[in-house]
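Let's walk through this structure together, one question at a time. Take a look at it first, and then we can begin.

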Amino acid sequence: MLWGTIVLLLLLVPVWYRSAVTSTDEWAAAVRAMVNVGRKPLADAMCLVLPDQLAMERDMWTMVSRLSRMPYHERASALDRYRDAGPQSAPP
C-alpha cells in the first residue's frame, strides 16, 4: 500500500509541475501587461521622456533602477538626457 502511494505520487509530479508552469505563465503575462501600461505614467511622474527606441528606453529604466541603489553616484547624471525640460520659469 505504501509503495503504491509513492508510485502514484511520483507519477503525478509531472502533471503538478505542468499545472504550476501554466498558471505561472498567465500570471507573468498579467504582470508584464501592468508594467507596460504603467511605463508612461511613471516616466511622466519622474519628469522623464520615453525615448523612441526600445534599447534607449531599456537603458533609461536601467539607470532609474540603479538610482535607488546609489542615488548620488556621478553616473546618475547620464539620466539627464532623458529628463523633460518642461516649462522654464524665469527667476523672480
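A nonpolar core is a set of buried Ala, Val, Leu, Ile, Met, Phe, Trp, Tyr and Cys residues joined through side-chain atoms within 4.5 Å. Keep in mind that this is a predicted model.

Q: Which helix gives the most residues to the largest nonpolar core?
A: The largest nonpolar core has 8 residues in all: Ala-43, Leu-48, Met-60, Trp-61, Met-63, Val-64, Leu-79 and Tyr-82. Helix α2 covers residues 54-67. With 4 residues, the main contributor to this core is helix α2.

Q: Which residues does Met-63 contact, leaving aside its neighbours within four places in sequence?
A: Met-63 belongs to the largest nonpolar core, as do Leu-79 and Tyr-82. Beyond its neighbours within four places in sequence, Met-63 is in contact with Ala-78, Leu-79, Arg-81 and Tyr-82.

Q: How many helices and strands are there in the chain, and what is its radius of gyration?
A: The chain has 2 helices and 0 strands. The globule rule gives 12 Å for 92 residues, and the chain is well over that, so it is more spread out than a compact globule. Its C-alpha atoms fill a box of roughly 85 × 25 × 25 Å along the principal axes. The radius of gyration is 24 Å.

Q: What percentage of the residues in the chain is buried?
A: A residue counts as buried when its relative accessible area is under 20%. The accessible surface of the chain comes to about 7,800 Å², with 66% of it belonging to carbon and sulfur atoms. Of the 92 residues, the buried share is 11%.

Q: Is Leu-10 buried or exposed?
A: Leu-10 lies in helix α1, which spans residues 2-45. Together with Leu-2, Trp-3, Ile-6, Leu-9, Val-13, Val-15 and Trp-16, Leu-10 forms a nonpolar patch on the surface, with about 860 Å² of accessible area. The cut-off for exposed is over 50%. Because its relative accessibility is 57%, Leu-10 counts as exposed.

Q: Which parts of the chain does the salt bridge between Glu-57 and Arg-39 tie together?
A: The side chains of Glu-57 and Arg-39 meet in a salt bridge, at 2.5 Å from N to O. Glu-57 is buried at 7% relative accessible area, whereas Arg-39 is partly exposed at 27%. Because Arg-39 lies in one helix and Glu-57 in the other, the pair ties together parts 18 residues apart in sequence, namely helix α1 and helix α2.

Q: What separates Lys-40 and Asp-44 along helix α1?
A: Lys-40 forms a salt bridge with Asp-44, and their closest N and O atoms are 3.1 Å apart. Lys-40 is partly exposed at 47% relative accessibility, and Asp-44 is partly exposed at 42%. Because the two are 4 residues apart in helix α1, the separation is about one helical turn.

Q: Which residue forms a salt bridge with Asp-80?
A: The structure holds 3 salt bridges. Asp-80 counts as partly exposed, at 44% relative accessibility. With closest N and O atoms 3.0 Å apart, its partner is Arg-83.

Q: What is the phi of Cys-47 near?
A: Cys-47 lies in the loop between α1 and α2 and is partly exposed, with a relative accessible area of 46%. Its phi has a positive value, in a residue other than glycine, and is near 60 degrees.

How values were computed: Residues are numbered from 1 along each chain as its sequence is written. This is a predicted model: local features need pLDDT of at least 70, side-chain atom pairs count only at pLDDT 80 or more; totals for chains, interfaces and linings use all residues. Side-chain values use heavy atoms; hydrogens and water are left out. Patches are made of residues with over 30% relative accessible area and no salt bridge: like charges are joined within 9 Å, nonpolar side chains (Val, Leu, Ile, Met, Phe, Trp, Tyr) within 5 Å. Accessible areas come from the Shrake-Rupley method with a 1.4 Å probe; for residues, only the protein chains shown count as cover. A salt bridge is a side-chain nitrogen of Lys or Arg within 4 Å of a carboxyl oxygen of Asp or Glu. Buried means under 20% relative accessible area, exposed over 50%, partly exposed in between (1.4 Å probe, protein chains only). The radius of gyration is taken over C-alpha atoms; the globule rule is 2.2 Å times the number of residues to the power 0.38. Contact means heavy atoms within 4.5 Å.
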